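Reader: Please set out the main points of this structure as a short series of questions with reasoned answers.

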Amino acid sequence: MNGHVLRMSGVGVRRGDAELLHGIDWAVEEDDRWVVLGPNGAGKTTLLRVAATQLFPTEGAVEVLDERLGSGDVFELRPLIGFASAAVAGQVPDATRAVDLVISAAYGYLGTWGEEYGTPDHQRAGALLDQWGAAHLADREFGTLSEGERKRVQIARALMADPELLLLDEPAAGLDLGGREDLVRRLSALAGDIDAPALAVVTHHVEEIPPGFTHGLLLRAGRVVAAGPLESVMTPDTLSETFGLPLKVERDGDRWTARAV
Ligand SMILES: Nc1ncnc2c1ncn2[C@@H]1O[C@H](COP(=O)(O)OP(=O)(O)OP(=O)(O)O)[C@@H](O)[C@H]1O
């Protein structure tokens with residue numbers, strides 16, 4: 001591998017007259033930890049779905065793990081990409097046990113369907129649930145979990161197949177303050193783990209950027225406003241342009257805050 005886990009060049013996505021993404025250039029390397037920031041409707045979910053090989057772009061080229069999208073078998077690539085999003089969670093049958101949702105990621109299923117899983121699979125699923133503070137939820141039905149509990153189980157699932165790229169779409173959405181801070185702390189620990197996959201995490205809020213994240217991609221109306229090392233993109237000018245209002249941006253230690261001026 002040339003160090004690039006993901007590379008997009010001139011990527012565009014159209015639906016009828018709507019241009020969901022336009023001219024996206026984005027390269028993610030093995031050790032990168034990216035945050036994707038932008039307002040509602042900016043195209044963040046669309047971008048992540050392209051990266052997850054779930055959506056084929058209308059224009060441009062996408063390379064994931066040195067495989068050009070469209071030239072190979074996406075079903076071979078997908079186990080190498082961990083992807084957690086509200087849309088994926090919405091497809092999980094309510095009665096699925098949390099641990100079954102995690103363990104079945106190895107097969108790309110949303111729950112177990114009579115496949116045989118070995119002791120190492122069970123141990124890994126248990127360890128991941130524990131890592132994300134969800135060990136006590138292993139036997140619970142997914143449909144009975146709170147929003148925050150579902151997020152943790154989904155992240156554990158996304159990591160189950162030991163992916164080379166982990167994509168999380170708004171993992172902090174719907175979490176209370178304690179839940180958000182707990183998630184930020186766990187994502188920060190993941191960011192600092194040299195064995196962790198390359199990461200890209202979508203959020204609307206700069207307060208949710210975990211310490212240790214290295215890069216930022218700022219999206220507005222389907223276009224990149226800025227992309228690069230976090231310090232270089234987290235300026236009042238770029239964030240104000242991204243969110244469409246004048247913002248004051250501050251860094252407090254390894255956390256960020258933003259508010260309207
Ligand atoms: N099939 C479609 N046809 C037309 N427009 C679409 C279609 N799918 C999505 N869109 C639009 O594309 C834009 C980008 O959507 P996307 O979900 O990627 O944004 P987002 O940045 O993730 O938004 P949010 O923060 O609200 O989740 C939105 O304006 C959405 O309404």
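Author: The questions below concern a tryptophan, a ligand shell and a helix, in a model that is predicted.

Reader: Is Trp-26 buried or exposed?

Author: Trp-26 belongs to strand E2, which spans residues 18–29. A residue counts as buried when 20 or more other C-beta atoms lie within 10 Å of its own. Since Trp-26 has 21 C-beta neighbours inside 10 Å, Trp-26 is buried.

Reader: Which residues does Trp-26 touch, not counting residues up to four places away in sequence?

Author: Contact here requires C-beta atoms within 7 Å. With sequence neighbours up to four places away set aside, the residues touched by Trp-26 are Met-8, Leu-217 and Ala-227.

Reader: Which element gives the most residues to the shell around the ligand?

Author: The shell around the ligand includes Arg-15, Gly-43, Lys-44 and His-204. Two or more residues of this shell come from each of E2 and helix H1 (44–51). The element that gives the most, with 3 residues, is H1.

Reader: How many residues of that shell are polar?

Author: The shell around the ligand contains 3 nonpolar and 2 charged residues. Its polar residues number 7.

Reader: Why do the buried residues of H9 lie on the same side of the helix, and what arc do they cover?

Author: In helix H9 (residues 236–243), the buried residues are Thr-238, Leu-239, Thr-242 and Phe-243. They lie on the same side of H9 because the arc they cover around the axis is only 115°.

Reader: Which residue with a positive phi follows H9?

Author: The buried residues of H9 pack against several elements, among them strand E3 (33–37) and helix H8 (230–233). After H9 comes a residue whose phi is positive, near 75°, and this residue is Gly-244.

Terms used:
Residues are numbered from 1 along each chain as its sequence is written. This is a predicted model: local features need pLDDT of at least 70, side-chain atom pairs count only at pLDDT 80 or more; totals for chains, interfaces and linings use all residues. Helices (H or I, at least four residues) and strands (E, at least two) are DSSP runs, numbered from the N terminus. A residue is buried if 20 or more other C-beta atoms lie within 10 Å of its own, exposed if 12 or fewer, and partly exposed in between; C-beta atoms are placed from the backbone. Two residues are in contact if their C-beta atoms, placed from the backbone, lie within 7 Å. A residue is near a molecule or strand if its C-beta atom, placed from the backbone, lies within 6 Å of it. Ala, Val, Leu, Ile, Met, Phe, Trp, Tyr, Cys and Pro count as nonpolar, Asp, Glu, Lys and Arg as charged, and the others, Gly among them, as polar. The arc is that of the directions from the helix axis to the C-beta atoms.
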